[in-house]
Amino acid sequence: MQVSTDVRDNGVVVSASGSIDHSSAAAFEEAAVPAVKLAVDAAGLLVVDLSDVDYMSSVGLRVLMLLAKAGKVDTVAVVISGLQPALQEIFQISHFDKIFKIYGSTEEALASGAA
Amino acid sequence: MKIRFWGTRGSLPTAMTADTLKSKMLQVMEQTNGKDLSTPEAREAALDALPFSVKGTYGGASSCVEIDRGEGGFIVCDMGSGLREFGLDAMRRIATEDRQTAYSFFISHVHWDHICGFPFFIPAFNPASELRVHGGHDVEAALLRQQDVPSFPVPLHFMQSKKEFTQTPMDTPISIDDYTVTVRKQHHHGDSFGYRFEIDGKVIVYTTDAEHKLEDEEQLDAHVEFMRDADLVVFDTMYSMADAISIKEDWGHSSNIVAVDLCHRADVKHLVMFHHEPVYDDAMILKNHEETIRYEELLRPGSIALQITCAYDGLEIDL
């Protein structure tokens with residue numbers, strides 16, 4: 001599992017790849033949580049790009065919930081982009097599709113945040 | 001060996017309303033319209049083809065699960081409202097199958113929904129009955145309190161069975177009625193306790209009313225080991241994952257997603273979804289079951305499927 005953070009004009013993009021399960025969730029958390037503060041500093045939204053994530057178990061979902069809660073405290077919108085079909089199903093089954101705004105692509109997400 | 005589910009609802013016994021029953025009957029009429037209903041066999045076949053949420057119901061009795069080897073006394077987890085039906089059936093089996101009037105109870109905790117069946121447990125009024133109650137809490141005090149005036153007209157001491165209450169040690173396997181039983185303290189308001197039963201080469205784990213903090217790796221790992229290689233795990237799947245870690249965080253319950261993940265890690269063979277949310281109707285519980293099966297498919301670490309059953313009142317599982 002790899003995670004990168006990219007500061008853009010309209011916000012911050014955290015991009016993950018691979019599988020996020022009990023063996024990789026801690027690394028995902030360590031890399032993703034600081035991005036909330038970066039988004040505060042950038043006065044933009046935080047986009048979590050999951051287009052290269054093939055699956056995510058409960059511990060990965062928990063990290064997303066941490067981001068949502070931190071975003072709520074810091075009034076930063078945390079959104080998701082690029083879900084593969086399997087991950088779309090996991091979001092629907094876990095009801096995370098009711099927690100997050102989900103966009104087809106990162107560019108679409110950033111554009112919505114700028115609007 | 002059979003595992004019998006006498007009560008499977010969480011938090012509060014939940015009765016079906018007349019409107020709900022009428023809705024089910026309308027669905028049966030709609031979905032069997034045009035089918036062959038000319039004989040009893042054809043009618044039964046037409047009913048059998050319908051979704052369980054239409055032709056049946058998950059029921060509304062609160063937690064009570066029996067582990068039955070078909071001989072000797074009885075092993076029962078929790079005393080929810082399902083205990084009343086169990087008591088009547090146990091008396092039938094004592095009368096017809098030469099069973100012993102001995103009952104070993106294992107109590108997850110003493111919240112009302114897990115003890116409310118006891119005042120209606122008829123065998124407890126029989127002086128010949130021997131009740132041994134195991135739990136991590138002071139269950140005797142809870143039962144005394146539950147039946148004290150003015151809450152209930154019949155005090156505990158009026159139930160003339162022999163009663164023995166034992167606070168079980170944690171994490172150390174103990175022998176009870178030929179079973180090796182391991183007890184594990186769980187995260188729940190006022191604590192709850194899970195039980196791992198080993199008997200005849202089989203492992204059954206009863207783990208309900210437990211919230212699993214996903215940030216606590218040590219506790220997660222310990223619970224995985226508690227369930228390790230179980231043939232059957234009865235697991236609290238009350239909430240959705242999103243609810244369990246947001247608006248219902250610290251309410252003391254778990255989700256279908258966490259259940260599957262922990263069962264995968266523990267190489268469990270069969271997961272039984274249990275402690276259903278009282279506001280869920282049958283269609284919602286069925287949907288939850290189907291989605292859990294799909295999640296298991298998506299996250300399956302190898303080629304062997306985890307069998308997933310959604311418990312309902314009256315369910316029997318052969319082990």
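**Exercise 1. Find which strands of chain B flank E1, and follow B:Arg4 across them.**

Start with E1 (residues 2-7) of chain B: five bridges join it to strand E2 (residues 64-68) of chain B, and the two run antiparallel. Helices (H or I, at least four residues) and strands (E, at least two) are here DSSP runs, numbered from the N terminus, and two strands pair if DSSP finds at least two bridges between them. This is a predicted model, in which local features need pLDDT of at least 70 and side-chain atom pairs count only at pLDDT 80 or more, while totals for chains, interfaces and linings use all residues. Residues are numbered from 1 along each chain as its sequence is written, with chains lettered from A and ligands numbered from 1 in the order in which they are written.

Next, look at E14 (residues 316-318) of chain B, which pairs with E1(B) in the antiparallel sense over three bridges. B:Arg4 has a bridge partner in each neighbour: B:Glu66 in E2(B) and B:Glu316 in E14(B).

Now step outward from B:Glu66, whose bridge partner in E3(B) is B:Val76. Strand E3 covers residues 74-77 of chain B, and its pairing with E2(B) is antiparallel, over three bridges.

**Exercise 2. Place these strands in their sheet and say why E6 and E14 of chain B each have one side without a neighbour.**

Write down the order: E6-E5-E4-E3-E2-E1-E14 (chain B), an open sheet of seven strands with mixed pairing. Strand E6 (162-167) and E14 of chain B stand at the edges with a single partner strand each, so one side of each has no neighbour in the sheet. From one strand to the next, the twist averages 20 degrees.

**Exercise 3. Check the overall dimensions of chain B against the globule rule.**

First, take the count: chain B has nine helices and 14 strands. Its C-alpha atoms fill a box of roughly 60 × 45 × 40 Å along the principal axes.

Then apply the rule, 2.2 Å times the number of residues to the power 0.38, with the radius of gyration taken over C-alpha atoms. Because a compact globule of 319 residues would have a radius near 20 Å, the 20 Å of chain B agrees.

**Exercise 4. Describe how H4(A) and H9(B) meet where chains A and B touch.**

Begin with the whole interface: 17 residues of chain A are in contact with 17 residues of chain B, a contact being two C-beta atoms, placed from the backbone, within 7 Å. Helices H3 (58-73) and H4 (85-94) of chain A each supply at least two residues of the side that touches chain B.

Zoom in on H4(A) and H9 (residues 282-299) of chain B: they pack at about 145 degrees with axes 10 Å apart. Axes are lines fitted to C-alpha atoms, for helices over the stretch in contact, and angles run from 0 to 180 degrees between N-to-C directions. The contact is made by A:Ala86, A:Glu89, A:Ile90 and A:Ile93 of H4(A) with B:Glu291, B:Arg294, B:Tyr295 and B:Leu298 of H9(B).

**Exercise 5. Is B:Ile257 buried or exposed, and which residues does it touch?**

Locate B:Ile257 in helix H8 (residues 256-266) of chain B. With 28 other C-beta atoms within 10 Å, B:Ile257 is buried; the cut-offs are 20 or more for buried, 12 or fewer for exposed, and partly exposed in between, with C-beta atoms placed from the backbone.

Finally, list its contacts: leaving out residues up to four places away in sequence, B:Ile257 touches A:Ser58, A:Ser94, B:Met241 and B:Tyr295.
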